[in-house]
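Good morning, and thank you for coming. I would like to introduce a structure that may be new to many of you.

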Amino acid sequence: MLRIAIPNKGTLSGPATQMLREAGYRQRGDDRDLVCRDEANDVEFFYLRPRDIATYVGSGDLDLGITGRDLLVDSASPAEETLDLDFGGSTFWFAARPETVASVDMIAGRRIATAYPGVVERHLAERGVDAEVIRLDGAVENAVRLGVADVVADVVSTGATLRQAGLAIIGEPILRSSAVLIRRTGASANPQVDQLVRRLQGVLVARRYVMLAYDVRADLLEKASALTPGIESPTISPLHREGWVAVQAMVLRRDVHRIMDELYEVGARAILVTDIHACRL
Ligand SMILES: Nc1ncnc2c1ncn2[C@@H]1O[C@H](COP(=O)(O)OP(=O)(O)OP(=O)(O)O)[C@@H](O)[C@H]1O
Ligand SMILES: O=P(O)(O)OC[C@H]1O[C@H](OP(=O)(O)OP(=O)(O)O)[C@H](O)[C@@H]1O
Ligand SMILES: [Mg+2]
């Protein structure tokens, strides 16, 4: 039985559970449940603190886990990313009072407060910058106000928390993170893991793409289908009406309205978009 770690709380918890449901796995019915067995798929899910997940996977006690790339890096556990799950996106930045530390060059020798010391220390080491890293649990933006640090390194999303604390971003992003599926480094091949990865990839594709269908005159087919090449190739079917064909192709969801406008211009009609619920490419 495959054993998988899932975030029990926080930003990643709901979306991780949702994604597994879409991939056909059974998930816990109550937010307080700590374990859920999915007999039909021969998988057992363990709900754990996202920060602890890389530890369980790195030790080999659990086969797979869903956590943030930042938490994986921070843990320094012997585990690696198997698949980017495209949710829980966040970006880490340095921030400080503009009148004290205005650029990255000014960070050397300063005190940096963060809940992700591993991420920050790796970043500083890569750049040969020497600074003191102070580990806090959260609400790190307060550390400057309270005199515990000169700089913070934290997730910035809307920037509202920084503004309230009178801090401004400095330099380039430290790390761009998102939720990832992780596995122990060097773990041997496992067909059950491959199947789970394919299922999750299927969800990612079903989310990113829609199915586009339209009718077009046969003499305009080349021009129209150039706009909708599909993944392999578009499906072309004859219409009962002489000289017309029906075309079906997957297109990226984010491009679909532009493509529909362009197809209409070319002469396509009855342009329909449908969601893809699941797929295996
Ligand atoms: N706006 C955000 N704030 C914090 N973490 C975020 C945000 N967006 C995405 N994440 C990601 O969520 C993960 C952290 O989740 P975690 O549950 O530890 O903290 P949280 O969601 O902030 O909850 P809490 O702080 O209440 O414990 C990291 O991978 C982080 O990159
Ligand atoms: O740019 P913003 O939109 O303001 O969001 C960023 C803030 O959100 C997160 O804090 P969270 O609410 O998770 O609290 P925590 O610091 O206790 O984890 C993060 O650590 C920042 O403080
Ligand atoms: Mg938080």
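I shall speak about the overall layout, then the two ligand sites, then one helix, and finally some backbone angles.

What you see is a predicted model. The mean pLDDT of the chain is 97, and 100% of the residues reach 70 or more. For the model as a whole, the scores are ipTM 0.96 and pTM 0.94.

Let me begin with the layout. The domain assignment splits the chain into domain 1 (2-86 + 178-188), domain 2 (90-176) and domain 3 (209-275). Please note that domain 1 is written as two segments. Between the C-alpha centres of domain 2 and domain 3 there are 49 Å.

The UniProt record describes the chain in its own terms. An unreviewed entry places "domain: ATP phosphoribosyltransferase catalytic" at residues 49-202. That span is 31% helix and 31% strand, with its end C-alpha atoms 26 Å apart. UniProt, again in an unreviewed entry, also lists "domain: Histidine biosynthesis HisG C-terminal" at residues 206-277. Here the composition is 29% helix and 40% strand, and the end C-alpha atoms lie 6 Å apart.

I turn now to the ligands. Which residues are closest to ligand 1? They are G10, T11, G68, S90 and S157, out of 15 residues that surround the ligand. Two elements, α2 (50-58) and α3 (69-75), each give two or more residues to this shell. By class, the shell holds four nonpolar, eight polar and three charged residues. Where does ligand 1 lie with respect to the domains? Both domain 1 and domain 2 give residues to its shell, so ligand 1 lies between them.

Around ligand 2 we find G138, A139, E141, D154, V155, V156, S157, T158, G159, A160 and T161. The elements giving two or more residues to this shell are β9 (151-156) and α6 (160-164). The largest share comes from β9, with three residues. The shell around ligand 2 comprises four nonpolar, five polar and two charged residues. S157 deserves a second look, for this residue is among the closest to ligand 1 and is also listed around ligand 2.

Let us return to α2, which we met beside ligand 1. Is this helix mostly covered or mostly open? It is mostly covered, with seven of its nine residues buried. The buried ones are P50, I53, A54, T55, Y56, V57 and G58. Their cover includes the strands β1 (2-7), β3 (43-48), β4 (64-68), β5 (79-84) and β11 (179-184), together with α3. Thus α3 appears in the cover of α2 as well as in the shell around ligand 1.

My last topic is the backbone. Most residues other than glycine have a negative phi. Just after α2, G60 takes a positive phi of about 85°. Two residues that are not glycine also have a positive phi: D86, at about 65°, and A270, at about 50°.

What surrounds these two residues? D86 sits in the loop between β5 and β6 (90-96). It counts as partly exposed because it has 16 C-beta neighbours inside 10 Å, where 20 or more would make a residue buried. A270, by contrast, belongs to strand β15 (residues 269-275). With 11 C-beta neighbours inside 10 Å, A270 counts as exposed, the limit for that class being 12 or fewer.

Thank you for your attention.

Methods
Residues numbered from 1 in each chain as written. Chains lettered and ligands numbered in written order. Predicted model: local features only at pLDDT ≥ 70, side-chain atom pairs only at ≥ 80, totals over all residues. UniProt positions renumbered as here; feature names shortened; annotations may be inferred. Helix = DSSP H or I, 4+ residues; strand = E, 2+ residues; numbered from the N terminus. Domains from an automatic or database assignment. pLDDT = per-residue confidence, 0-100. Near = placed C-beta within 6 Å. Nonpolar A, V, L, I, M, F, W, Y, C, P; charged D, E, K, R; others polar. Contact = placed C-beta atoms within 7 Å.
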